[in-house]
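The exercises below are to be worked with the sequence and the coordinates at hand. Each task is followed by a solution in steps.

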Amino acid sequence: YRGSVAAPTAGLHFTEQVFEKIREKGVDTAYVTLHVGLGTFRPMDTENIEEHVMHSEVYYMPKETADALNLAKQEGRRIFAIGTTSVRTMETVWNRFSRFEECSGETSIFIYPGYQWHTIDGMLTNFHLPKSTLIMMICSLAGKDLVFRAYQEAVRERYRFFSFGDCMLLTND
């Protein structure tokens, strides 16, 4: 691999000052890496969602992150991911080990409605393209009706869409 083809744009909503403020409130932060591939931006082209072939991307979860996430789970604290790349990494690692572990590898995980979530309670993400695997993922987390209502409001209120646009916070409750 040669690295990511795109920035992890949901993370661009966070400045060092924002991180300082959330840490002051007792929120822990941890990092993972997923090298975004061009397939992330490819629209789904199958009628049956289960026939879609997902692209593969390289990921890495450091030991410090794995330890922090396992402790948060053990203590019953909520875990929020920043961006779909973080989510794909976390779910891949969990599906591989049934816990978080320091590791790296390739993932072609495809998260769509009906997926059994293991790692997060919520996610901050940008507004994604229709017919994309990313919109399938967020519908899986928050439900299609809520996501579509959020998109309707975003259009009505003239939110900025896609990579450098506005973001939304979704939860699975």
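**Exercise 1. Aromatic pairs**

Searching the whole structure, which is a predicted model, turns up 9 aromatic pairs. Task: classify the pair F14 and F19 by its ring geometry.

Solution. Step 1: the ring centres of F14 and F19 are 5.3 Å apart, and the planes make an angle of 25 degrees. Step 2: planes under 30 degrees apart count as stacked. Step 3: the pair F14 and F19 is therefore stacked. Step 4: F19 has a relative accessibility of 16%, so F19 counts as buried.

**Exercise 2. A pair between two loops**

Task: classify the pair F127 and F161, place both residues in the chain, and state the burial of F127 and of F161.

Solution. Step 1: the ring centres of F127 and F161 lie 5.2 Å apart, with the planes at 40 degrees, so this pair is tilted. Step 2: F127 belongs to the loop between β5 (122-126) and α4 (133-142), and F161 to the loop between α5 (144-156) and β6 (167-171). The two residues are 34 residues apart, and the pair links distant parts of the chain. Step 3: F127 has a relative accessible area of 2% and is buried, whereas F161, at 24%, is partly exposed. Step 4: F127 and F161 also belong to one aromatic cluster, together with Y151 and Y159.

**Exercise 3. Lysines over rings**

Task: find which ring K73 lies over, and which ring K144 lies over.

Solution. Step 1: K73 is placed over the face of W94, 5.4 Å from the ring centre. Step 2: K144 is placed over the face of F148, at 5.4 Å from the ring centre.

**Exercise 4. Salt bridges**

Task: state how many salt bridges a search of the whole structure finds, then describe the bridge between E57 and R88.

Solution. Step 1: the search of the whole structure gives 7 salt bridges. Step 2: in one of them, the side chains of E57 and R88 meet with an N to O distance of 1.9 Å. Step 3: E57 is in strand β2 (residues 57-61) and R88 in helix α3 (residues 84-97). With their positions 31 residues apart in the numbering, the pair links distant parts of the chain. Step 4: the relative accessible area of E57 is 2%, so E57 is buried. R88 also counts as buried, with a relative accessibility of 2%.

Task: examine the bridges of R77 and E101, and state whether R77 is buried or exposed, or in between.

Solution. Step 1: R77 forms a salt bridge with E75, in which the closest N and O atoms are 2.9 Å apart. Step 2: R77 has a relative accessible area of 33% and is partly exposed. Step 3: a network of salt bridges links D28, E75 and R77. Step 4: E101 bridges to R99, the closest N and O atoms being 2.8 Å apart. Step 5: E101 counts as partly exposed at 29% relative accessibility, and R99 counts as partly exposed at 38%.

**Exercise 5. The faces of α2**

Task: which residues of α2 are buried, and how are they arranged around the axis of α2?

Solution. Step 1: α2 has 12 residues and spans 16 Å from its first C-alpha to its last, close to the 16 Å expected at 1.5 Å a residue. Step 2: the buried residues of α2 are T65, A66, L69, N70 and A72. Step 3: viewed down the axis of α2, these buried residues fall within an arc of 160 degrees, so they line one face of the helix. Step 4: E64 and Q74 are exposed on the other side of α2.

**Exercise 6. Positive phi**

Task: state the phi values of S98 and R158, and locate both residues.

Solution. Step 1: most residues other than glycine have a negative phi. Step 2: S98 has a positive phi, near 60 degrees. S98 is in the loop between α3 and β4 (103-107), and is exposed, with a relative accessible area of 55%. Step 3: R158 also has a positive phi, near 65 degrees. R158 is in the loop between α5 and β6, and counts as exposed at 74% relative accessibility.

**Exercise 7. Confidence**

Task: which elements of the protein chain have the lowest and the highest mean pLDDT?

Solution. Step 1: for the protein chain the mean pLDDT is 90, and 98% of the residues reach 70 or more. Step 2: among the elements, strand β1 (residues 33-35) has the lowest mean pLDDT, 87, and helix α2 (residues 63-74) the highest, 98.

Notes:
Residues are numbered from 1 along each chain as its sequence is written. This is a predicted model: local features need pLDDT of at least 70, side-chain atom pairs count only at pLDDT 80 or more; totals for chains, interfaces and linings use all residues. Side-chain values use heavy atoms; hydrogens and water are left out. Rings of Phe, Tyr and Trp (its six-membered ring) pair if their centres lie within 6.5 Å; planes under 30 degrees apart count as stacked, over 60 as edge-to-face and the rest as tilted. Buried means under 20% relative accessible area, exposed over 50%, partly exposed in between (1.4 Å probe, protein chains only). Helices (H or I, at least four residues) and strands (E, at least two) are DSSP runs, numbered from the N terminus. A charge sits over a ring if NZ of Lys or CZ of Arg is within 6 Å of the ring centre and within 35 degrees of the ring normal. A salt bridge is a side-chain nitrogen of Lys or Arg within 4 Å of a carboxyl oxygen of Asp or Glu. pLDDT is the predictor's confidence in each residue, from 0 to 100. The expected span of a helix is 1.5 Å times one less than its number of residues. The arc is that of the directions from the helix axis to the C-beta atoms.
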